[in-house]
Amino acid sequence: MTSPAPATPINADAFWMPFTANRRYKRDPVLFSAAEGMHYIRPDGRRVLDGIAGLWCVNAGHRRPEIVEAIARTAYELDYAPSFQMSHPLAFELAEKLCEEAPAGFSNVFFSNSGSEAVDTALKIALGYHRARGEGQRVRLIGRERSYHGVGFGGLSVSGIGGHRKPFGNLLPYVDHLPHTYDREQMAYTRGQPDWGAHLADVLERIVALHDASTIAAVIVEPVAGSTGLLVPPRGYLQKLRQICDAHGILLIFDEVICAFGRIDGAFASAHFGVTPDLITSAKGLTNGAIPMGATLVRQHVYDAFMQGPDSAIELAHGYTYSGHPVACAAGLAMLDICRRDGLFQRSRDLWRYWEDAAHGLKGLPHVVDIRNIGLLAAIELAPLAGKPGQRGYAVHQACLERGCLIRSAGDTMLLSPPLIIEPAQIDELFAVLAQVLRAGD
Ligand SMILES: Cc1ncc(COP(=O)(O)O)c(C=O)c1O
């Protein structure tokens, strides 16, 4: 372990930080200067137990030597290669291995640089798919309330967080939203999937009746909504969405930017829920967060729909300068090796019940109004401070950080999503610190 950087003051002015209250942050900047395994290290040497895997992405723990070495080796050998009309072996190898990990029938991978780009790519592929099959009038995209699909205009348009959408005008036309699946009265303190709520998928039939199936290209949902406060799908809900999409020729996209790579169960959560979508989007854990990469996986019939006409024609007019970047591919391959060799997905399954019991152990503490969990994900929802939504959550997050634990707040919901290498004693530590803070709070 290299020693942490000395605590030198920084000039925080120039960096316009994402999803941050910049002025509040810059009065008292929180910095991390190193990371290792389950921990961040602050510039003054204090260690912080990472309860959110960075930002839901460092599934195999921080600074894995295998990934760091793969990145360094590849940067020395092949710093960059385009994938427009040429490419390099690592991109093909990673695409093939991802298809092996995906549910049966997934045959092709389109690479991008983030979850947002993976989503926009999926939406464009869905529109292009229908046009290629002579159904170019299918232009409508259906998202869901309280969903997060990134910040591109496409992903934002199908997202369902009002505060993210409001500043940016009309967004894409021809978008509609399903209702979200959360009802505290019906499902508070459920462990795993709630029994109530599958009928909410039937609203898709109403949306189809309203707009006509012939205008609808795709439905996109996170199998488990993450950023918006961990909304676990009711039993049977995803199956119903699949059935309705099938009945009307609508593509189903699962946004697995958070759910994949062992976070819930196995490489992709679709298998756990027993529902196979037509497209899957992924990012984050794909490279263990070590370098940006997004991926959109498609089933054979989606790819085949594009592979028509003269073979000199570009089938999908879409791509990024850094699609399939060699360094990102090397990181992705090293991550898959770790998952396979270390049995990371099984480790996450083995910890699930311990994690669940620890999370639900907070029931009854001050301000707690609900606890939700699935896989190595948990949410502790707190009652908001009167007239100040989000402030209690932020204060709890800050207090946990000062006590050495990184726990994210989304409004007044505390979110936990640790690296899958977490030890039971560290699970105890995370929830004990959160409990201490809640007991100490006013
Ligand atoms: C489900 C989901 N989709 C898309 C995104 C966007 O990913 P990125 O921030 O890499 O663009 C996120 C990010 O948290 C996400 O959770």
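## Exercises on a two-domain chain

In this predicted model, the centres of domain 1 and domain 2, taken over C-alpha atoms, sit 27 Å apart.

**Exercise 1.** Work out which residues belong to each domain and how many residues each one puts into the contact.

*Solution.* Start with the bounds: domain 1 covers 22-51 + 343-440, and domain 2 covers 67-342. Next, go to the contact, where domain 1 supplies 25 residues and domain 2 supplies 22. Now look at the elements on the domain 1 side: α14 (344-360), β11 (368-374), β12 (377-382) and β15 (413-416) each give two or more residues. Finally, sort that side by class, and you get eleven nonpolar, eight polar and six charged residues.

**Exercise 2.** Find out how the overall fold of the chain is built, and why it can be called as compact as a globular protein of its length.

*Solution.* First, the secondary structure: 16 helices and 15 strands. Then compare radii: the chain has a radius of gyration of 22 Å, close to the 22 Å from the globule rule for 442 residues, so it is as compact as a globular protein of that length. For the outline, the C-alpha atoms fill a box of roughly 65 × 55 × 45 Å along the principal axes. Inside, 48% of the 442 residues are buried. As for contacts, take those between residues at least 6 apart in sequence: 72% of them join residues at least 24 apart.

**Exercise 3.** Describe the shell around the ligand.

*Solution.* Count first: 14 residues surround the ligand, and the closest are S114, G115, S116, G150 and V257. Then ask which helix gives the most to this shell. That's α5 (residues 115-132), with three residues. Last, split the shell by class: five nonpolar, seven polar and two charged.

Conventions: Residues numbered from 1 in each chain as written. Predicted model: local features only at pLDDT ≥ 70, side-chain atom pairs only at ≥ 80, totals over all residues. Helix = DSSP H or I, 4+ residues; strand = E, 2+ residues; numbered from the N terminus. Rg over C-alpha atoms; globule rule 2.2 N^0.38 Å. Buried ≥ 20, exposed ≤ 12 C-beta atoms within 10 Å, placed from the backbone. Contact = placed C-beta atoms within 7 Å. Near = placed C-beta within 6 Å. Nonpolar A, V, L, I, M, F, W, Y, C, P; charged D, E, K, R; others polar. Domains from an automatic or database assignment.
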